[in-house]
Amino acid sequence: MRTRSIRAGILTALVALQAAAASAVHAQVVRGRLVDADGDTAIGGAMMTLMDRDGSAVERTLTNTATGLFELRAPGPGGYRVRAERIGYATTFSAFFEISAGETVTVEVSAPVEALSLAGITAAVGPRCEVRPEEGMAVARVWNEARKALAAAAWTQDRGLYRYEMLGINRLLDARGQRVEVEDRAYRQSLVPAPYVARAADSLVSQGFARLSADASEFWAPDADVLLSDAFLDTHCLRIRSGGRALVGLDFEPVPDRDVPDIAGTLWLDAATAELQRVDFRYVNLPVPQWLMDASPGGAVVFRGLPNGTWIVTSWHIRMFSAGAAENPLTGRLAPTLEGVTTTHGEVLRVHGDEGVVFEGESGRRVAGTVVDSLGVGLPGALVYVEGSGTRTVTDADGRFELDHLGVATYELRFTHPDLEQLRYAPEPIEVALRPETTSPVEVTLEAPSMSEILDDVCGSDGPPGVPLISGNGKAVWRTGILTGRVTDEDGNPVEDATLHLLAKAHEAALFAQVRDPGTFAFEDQRVRWEEKTSSSGFFRACWLPADLPIELMILGEDENVDRGALRAALSLADLYPHRVTTLTIDGESPHRRLDLRVEG
């Protein structure tokens, strides 16, 4: 293996390299170090590209953050040069050099230190379409900086340098796309190699960024590989858009006469640093009526550069329409409607590299607050949630809570508590609106009503019946008792739709008025009965039971094979099922009683 050093005629500094590990036999290796124009300071995190004489890139790598060193491998002998790129700085090339089979070449590269700026670039007058960005000077300048970030992101993803902890959120919004109806979350605890990967660019460009059918529809966002591809650049126009002082935009849209579902949008770059911030896009050329397009289908992909020169996607989302049908009030026929808006969102929580956590995501839009009881005291152990799964939290010892990673929408915030669940009571939700400009947590207070208000609500605001029952011994008993509890199986799991049968030895007082000859009527054989069902979490409640009177209680599973007619006619449940009946008495002085029950297998 031969090793030699090439001096680039346009460069001014000679770079001394440390000895490196021996290369594989017959490999062509290019080594070097990127320094500033004075040759004193190493430049790390720059993208170094080995290019052949045809201008094709054959391999890329990043310079070492601390030393500026890099190593590239040529696919075969021939003429090459090295391109050095940093976002916000001019691109530097070495001179061409020849490399023989098995040879190692040292290339000296220095880079300018004066930063470039995109500030002052304005949109051109007229709708000029640049299909190839290098053909327009202003467009080419903005595109070149965006391309650097996209190339670094594609390179980072291809090499699988990191593993990502992800949060996936699916939201169903109303037809106006403003109110969250359901939000479901999934935390990917296992590390994934990439936060988002689109379909192959050739497939998306030729077949479209959306697949629509009567059964299901699919939508895709672009990734770095797609935006860099020849297929995309050959079929999309580019033009400058002014984004104020802070941002410069590069619009893209399909060339005229494209007839497949496509995307149009903007690559937004920081005007001062030339760093790519995000890609906003919308779907166009969709074969759907305008009332579906009113949902504004589209999305965004957010990029972030790390200190070592790698680039990652930190979040992405896609907004789609959901079609439905409603009856036309004039014709009575079903007509298609915009049923709602669905969004799919991905958020990077953490990025792990060989050196540990290299990126920590932000909490996004948040709602914070306190759940208080009827006296205004913080209520610990309350569950605060949004309809769906995953968007929920439990209050701390002071009743405080916080929900994060929320969207730009109006949320119905709900809460519950074990004391409320056993009564099967759901407090009224409150609405919280989050705006694009929302940065600090929105503070709210959720108030639990008093127990008397709750009981009035769950058992009827008219209160208990004003007429007593007459017990078997002729004593009047008042129906003020409320029984609540939870039914579980042997493993402690809630039992849904179990039936509670309750029986007391008594009768309605009005029964006297219906009996012509009391001497012939067996009052002792009269019974009052109740049947109640358990909720999905196993809770039950029975209102206005007689106080100070023994009550028999028995539980039946939903599918249990029992003669229910005989059960409803029995004068005593204990006589039929002596081992399954519980007898209880509710104290008239404390008429709310809780009783948890277990169903034996």
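## A walk through the charges and the disulfide

Start by selecting arginine 414 and glutamate 387: the two form a salt bridge, with their closest N and O atoms 3.7 Å apart. Keep in mind that this is a predicted model. Arginine 414 sits in strand E27 (residues 410-416), while glutamate 387 is in the loop between strand E23 (383-385) and strand E24 (388-389), so the pair ties together parts that are 27 residues apart in sequence. Switch on the surface and you'll find arginine 414 partly exposed at 23% relative accessibility, and glutamate 387 partly exposed too, at 39%. Now add Arg179, Glu412 and Glu431 to your selection; salt bridges that share partners join these with Glu387 and Arg414 into one network.

Next, pick aspartate 251 and arginine 241. Their side chains meet in a salt bridge, 3.1 Å from N to O. Aspartate 251 belongs to strand E15 (residues 247-254) and arginine 241 to strand E14 (residues 236-243), so this pair links parts 10 residues apart in sequence. Is aspartate 251 buried or exposed? It's buried, with a relative accessible area of 13%, whereas arginine 241 is partly exposed at 37%.

For another salt bridge, jump to glutamate 71 and arginine 73, where the closest N and O atoms are 3.6 Å apart. Glutamate 71 is partly exposed at 32% relative accessibility, and arginine 73 is partly exposed as well, with 35%. If you feel like hunting for others, the count for the structure comes to 25 salt bridges.

Time for some sulfur. Select cysteine 459 and cysteine 543, which are joined by a disulfide with an S to S distance of 1.8 Å. Where do the two cysteines lie? Cysteine 459 is in helix H7 and cysteine 543 in strand E36 (residues 539-545), so the link ties together parts 84 residues apart in sequence. Look along the S-S bond: at -65°, the link is left-handed. Both cysteines are buried, and the structure holds 1 disulfide.

Stay on helix H7 (residues 451-459) and find aspartate 456. Aspartate 456 is partly exposed, with a relative accessible area of 37%. Colour by charge and add Glu428, Glu453 and Asp457: together with Asp456 they form a negative surface patch.

Last stop: histidine 579, in the loop between helix H10 (573-576) and strand E38 (582-584). Histidine 579 counts as exposed, at 80% relative accessibility. To finish, draw a distance from its C-alpha to that of aspartate 419: the two residues are 160 apart in sequence and 30 Å apart in space.

Notes: Residues are numbered from 1 along each chain as its sequence is written. This is a predicted model: local features need pLDDT of at least 70, side-chain atom pairs count only at pLDDT 80 or more; totals for chains, interfaces and linings use all residues. Side-chain values use heavy atoms; hydrogens and water are left out. Patches are made of residues with over 30% relative accessible area and no salt bridge: like charges are joined within 9 Å, nonpolar side chains (Val, Leu, Ile, Met, Phe, Trp, Tyr) within 5 Å. Accessible areas come from the Shrake-Rupley method with a 1.4 Å probe; for residues, only the protein chains shown count as cover. A salt bridge is a side-chain nitrogen of Lys or Arg within 4 Å of a carboxyl oxygen of Asp or Glu. Lys and Arg count as positive and Asp and Glu as negative; His and the chain ends are not counted. The place of a charge is taken as NZ of Lys, CZ of Arg, CG of Asp or CD of Glu. Helices (H or I, at least four residues) and strands (E, at least two) are DSSP runs, numbered from the N terminus. Buried means under 20% relative accessible area, exposed over 50%, partly exposed in between (1.4 Å probe, protein chains only). A disulfide is a pair of cysteine sulfur atoms within 2.5 Å.
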